[in-house]
Amino acid sequence: MKVFVDGVGVLGPGIESWDSYRNLLKNESSYDHSVTPDPMPSILPANECRRSSDVVRWSLHVAQEAVQQSQIDPKTMATVFASSGGEVGILHKICQSLESPTPIVSPTLFHQSVHNAAAGYWSIASSSQRTSTSLACYDSSFAGGLLEAATLLSVNQEESILFVAYDTPAPFPLHETRPLIAPFAIALVLGKQALPKSLSMLDVSLLSESMDKKPATMLHPSLEPMRLGNPAARGLPLLQPIAKNLTTSVYLDFLDNLQLRIDHQPCQPSQK
């Protein structure tokens, strides 16, 4: 399944944007993960942004960056949102309410707890009424979301899809059963046809167990703990050839011993 990358957004500790990630790989500087961004996506009104969860702010921040880079109207895009845990912070607050002497769940928390909350916020903020899918595949959530987006472009009439992968650590004690080292989010605007500003072409295929390949790791060794420490960051190896304009194949582990093979072909000339 061939798709084209028209925009990229990325956010994590020490990575404030797609440009900062590209500079990190280009300069091969040390990765400083001590500073975690506090995103406030401008697509959300200020009051709404303050009331929203970390998951919403992180996912919408990278979505907005990728869409702005693509210069495509977000109202024309279907969306795929992928997260291993979803609204773990909201779930924590609900659990606290349920164990209190008066176990009453706030209706606001309840409606914010659903797995497609981030997709809903994006649809409202961007005035989009296009198809939206929200999914979870544990540590394979990035691969599952990418496969879903590529499939939708291949079999539907959609011309472009916004794919967003995101996860944030849960508070204690939920964190003890699902420890993520830090929040992370990646967004890709994917298209069916090449555009003048398309960055790359991805040929996505699903491999069986008999064709097992070693999953891609980070060329920048200090980024490898981040890749392993958050399901959304499993997409970092795919961003490497996009950032470096390389022709290569990337393998991502998927569910039940399957893998995604992603053949990457640059669409833009190399820049020195």
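Trp18 is buried here, at 4% relative accessibility. This is a predicted model, so take the geometry below in that light. Two themes run through this briefing: aromatic contacts, and a few loop residues with notable backbone angles.

**Aromatic pairs**

- How many aromatic pairs does the structure hold? There are 3 of them, and two are picked out here.
- Trp18 and Tyr21 make a stacked pair, with 5.9 Å centre to centre and 25° between the planes.
- Both residues belong to helix 1 (residues 18-27), where they are 3 residues apart, so about one helical turn separates them.
- As for burial, Trp18 comes in at 4% relative accessibility, and Tyr21, also buried, has 0%.
- Phe81 and Tyr166 pair up edge-to-face: their centres are 6.1 Å apart and their planes make an angle of 70°.
- That second pair links distant parts of the chain, since Phe81 is in strand 2 (residues 78-82) and Tyr166 is in strand 4, 85 residues apart.
- Phe81 is buried, with a relative accessible area of 0%, and Tyr166 counts as buried too, at 2%.

**Tyr138 and its charged partner**

- Look for Tyr138 in the loop between strand 3 (132-135) and helix 7 (141-155).
- Its backbone deserves a glance: Tyr138 has a positive phi of about 55°, although it is not a glycine.
- What sits over the ring of Tyr138? The charged end of Arg178 does, 3.9 Å from the ring centre.

**Other loop residues with notable backbone angles**

- Asp256 also has a positive phi, near 55°, and is likewise a residue other than glycine.
- You'll find Asp256 in the loop between strand 7 (248-253) and strand 8 (259-266).
- Is Asp256 buried or exposed? Asp256 is exposed, because its relative accessible area is 71% and the cut-off for exposed is over 50%.
- Then there's a cis peptide bond, running from Phe172 to Pro173, with omega near 10°.
- Pro173 lies in the loop between strand 4 (160-167) and helix 8 (174-177). Strand 4 is also where Tyr166 of the edge-to-face pair is found.

Conventions: Residues numbered from 1 in each chain as written. Predicted model: local features only at pLDDT ≥ 70, side-chain atom pairs only at ≥ 80, totals over all residues. Heavy atoms only, no water. Helix = DSSP H or I, 4+ residues; strand = E, 2+ residues; numbered from the N terminus. Buried < 20%, exposed > 50% of the residue type's maximum accessible area, 1.4 Å probe, protein only. Phe/Tyr/Trp six-rings, centres within 6.5 Å; stacked < 30°, edge-to-face > 60°. Lys NZ or Arg CZ within 6 Å of the ring centre and 35° of its normal.
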